[in-house]
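Please open the model in your viewer, with a cartoon for the backbone and sticks ready for the side chains. The stops below are meant to be taken in order, one selection at a time.

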Amino acid sequence: QVQLVESGGGLVQAGGSLRLSCAASRSIFSINVMGWYRQAPGKERELVARISGGGSTYYADSVKGRFTISRDNAKNTLYLQMNSLKPEDTAMYYCATIHLLTMRPLGSWGQGTQVTVSS
């Protein structure tokens, strides 16, 4: 089972940008779908974006046009470029591999990386 480690979070003002990284413990070439989730205090974890091995992407409506998910199979890394950040983007962000058929996250969650957007 692949281990995933998130990084790149921080404190940023509204309108700013951050780039999150998710480093995998082994090659992600054979992993079809990967994604980013987030969980704000008092709320359920939600899917932010996902990407297939072929590069097809999906974004939650709340981040569409502002966030970009990408993957670098050579570096075994998943990314999330976040622009025009809003206070409501404040959350702990997690990466995950996703089951191709159920589209549900697989494995256990890592420590995540905290994103805090000030108004």
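What follows is a tour of a predicted model, stop by stop, with a selection to make at each one.

**The disulfide**

Begin by selecting Cys 22 and Cys 95, which form a disulfide with their sulfur atoms 2.0 Å apart. A search of the whole structure finds one such link, and with 65° about the S-S bond the connection of Cys 22 and Cys 95 is right-handed. Because Cys 22 belongs to strand E3 (residues 18-24) and Cys 95 to strand E9 (residues 91-98), the pair ties together parts that are 73 residues apart in sequence. Are these two cysteines buried or exposed? Cys 22 has a relative accessibility of 1% and counts as buried, and Cys 95, with a relative accessible area of 3%, is buried as well.

**Strand E3 and its partners**

Now extend the selection from Cys 22 to the whole of E3, where five of the seven residues are buried, so that the strand is largely enclosed by the rest of the structure. Add strand E1 (residues 4-7), which pairs with E3 in the antiparallel sense over four bridges; here Glu 6 is the residue that stands opposite Cys 22. Then add strand E8 (residues 77-82), whose pairing with E3 is also antiparallel and runs over six bridges. To find a point of register between E3 and E8, select Arg 19 and look across to Gln 81, its bridge partner in E8.

**The four-stranded sheet**

With Gln 81 still highlighted, select Thr 68, which stands opposite Gln 81 in E8. The strand to add at this point is E7, which pairs with E8 in the antiparallel sense over six bridges. Which order do the strands take once they are shown together? They make an open sheet of four strands, ordered E1-E3-E8-E7, with antiparallel pairing. E1 and E7 (67-72) stand at the edges and each has a single partner strand, so one side of each is left without a neighbour in the sheet. Looking along the sheet, one finds that neighbouring strands are turned by 15° against each other on average, direction ignored. As you switch on side chains, it may help to recall that in a regular strand the side chains alternate between the two faces of the sheet.

**The salt-bridge network**

Leave the sheet and select Arg 38, Glu 46, Arg 66 and Asp 89 together, since these residues are linked in a network of salt bridges. The structure holds four salt bridges, and the contact to centre on is that of Glu 46 with Arg 38, whose closest N and O atoms are 2.7 Å apart. The two ends of this contact can be compared by their accessibility: Arg 38 is buried, with a relative accessible area of 6%, whereas Glu 46 is partly exposed, with 35%. Move next to the salt bridge between the side chains of Arg 38 and Asp 89, with a distance of 2.9 Å from N to O. This pair links distant parts of the chain, since Arg 38 lies in strand E4 (residues 33-39) and Asp 89 in the loop between E8 and E9, 51 residues apart. Asp 89 is itself buried, with a relative accessible area of 1%.

For a salt bridge in another setting, select Lys 64 and Asp 61, whose side chains meet at 3.1 Å from N to O. Both Lys 64 and Asp 61 are exposed.

**Two loops**

Return to the loop between E8 and E9 and select Ser 84, which is found there. Ser 84 has a positive phi of about 50° although it is not a glycine, and with a relative accessible area of 40% the residue is partly exposed.

The last stop is the loop between E9 and strand E10 (105-106), where Leu 101 lies. Met 103 is in this loop too, and its backbone has a positive phi of about 60° although the residue is not a glycine. Select Leu 100, Leu 101 and Met 103 as a group and switch to a surface view: what do they make? Together these residues make a nonpolar surface patch of about 310 Å². Within the patch, Leu 101 counts as exposed at 73% relative accessibility, while Met 103 is partly exposed, with a relative accessible area of 30%.

Terms used:
Residues numbered from 1 in each chain as written. Predicted model: local features only at pLDDT ≥ 70, side-chain atom pairs only at ≥ 80, totals over all residues. Heavy atoms only, no water. Disulfide = S-S within 2.5 Å. Buried < 20%, exposed > 50% of the residue type's maximum accessible area, 1.4 Å probe, protein only. Pairing = 2+ DSSP bridges. Axes fitted to C-alpha atoms, helices over the stretch in contact; angles between N-to-C directions. Patch = residues over 30% accessible without salt bridge, like charges linked within 9 Å, V, L, I, M, F, W, Y side chains within 5 Å. Areas by Shrake-Rupley, 256 points an atom, 1.4 Å probe, with all protein chains shown as cover.
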